[in-house]
Amino acid sequence: SGGYEADTGLYKGKGITVAFPAGWAKGQTAPGAIFTIEQPGQFVQMSLFIQELPEKITFEQYLQRVSSTMGKVGARQKDEGSIEMGGKEGRWVKREIQVGGESFESFVYSVMNGNKVYSILGITAAGSINEWEPVFNRAAKSIRFDN
């Protein structure tokens, strides 16, 4: 049970609670995501991903694989750092990618709990990333684990 409630922005389910921005509507779900929401009338989206890792894969190895995969599709890493998510040390990465002549920027916030990596992806047009970065940060920092 649970899920995303657009009026409050609250997502509850799959062992976590996340406070996304209130009033954002469900959009077309990004490939591999649990769900995707978007700010009505603007190009800005956030998606939640949950990836179960095999026992022998560490969080760092997972992040390196994602980075390698992103590089293969033309995404360029611009910055990275640490962030606390759900009482655990997480990582964020800022990337830029061009698709069909348009530039987009994204932040991906990831944290491992047990054998699962929880990631929030925020993406928008390159020119407006600074406006949305605080919104993406707030959502990432709001993650709470049920266990």
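Start by selecting Thr69 and Arg65: a polar atom of the Thr69 side chain sits 2.9 Å from the backbone oxygen of Arg65. Keep in mind that you're looking at a predicted model. Thr69 belongs to helix α1. Is Thr69 buried, exposed or partly exposed? Its relative accessible area is 47%, so it counts as partly exposed, falling between the 20% and 50% cut-offs.

Now keep α1 (59-72) on screen and add β6 (44-52), β7 (76-85), β8 (88-99), β9 (102-113) and β10 (116-125); each of these elements gives at least two residues to the lining of the largest pocket. That pocket has a volume of about 740 Å³. Which residues should you pick to find its centre? Go for Val66, Met70, Arg95, Val108 and Leu121, the closest to the centre among the 31 residues that line the pocket. Try colouring the lining by residue class: you'll get 16 nonpolar, eleven polar and four charged residues.

Next stop, another part of the fold. Select β1, β2, β3 and β11, and you have an open sheet of four strands, paired antiparallel in the order β1-β2-β3-β11. At the edges are β1 (3-5) and β11 (144-145), each pairing on one side only.

Zoom in on β2 (residues 10-13) and β3 (residues 16-19). How many bridges join strand β2 to strand β3? Four, with the two strands running antiparallel. To finish, click on Tyr11 and look across to β3: the residue standing opposite is Val18.

Note on methods. Residues are numbered from 1 along each chain as its sequence is written. This is a predicted model: local features need pLDDT of at least 70, side-chain atom pairs count only at pLDDT 80 or more; totals for chains, interfaces and linings use all residues. Side-chain values use heavy atoms; hydrogens and water are left out. On a 1 Å grid over the protein atoms alone, a cavity is a set of points where a 1.4 Å probe fits but cannot get out, and a pocket is an open set with protein on both sides within 12 Å along at least five of seven lines; lining residues have an atom within 4 Å of a point. Grid points are joined across faces, edges and corners, and a volume is the space filled by probe spheres set on the points. Ala, Val, Leu, Ile, Met, Phe, Trp, Tyr, Cys and Pro count as nonpolar, Asp, Glu, Lys and Arg as charged, and the others, Gly among them, as polar. Buried means under 20% relative accessible area, exposed over 50%, partly exposed in between (1.4 Å probe, protein chains only). A polar contact is a pair of N or O atoms within 3.5 Å; within protein, one must be able to donate a hydrogen and the other to accept it, and residues adjacent in sequence count only if both atoms are side-chain atoms. Two strands pair if DSSP finds at least two bridges between them.
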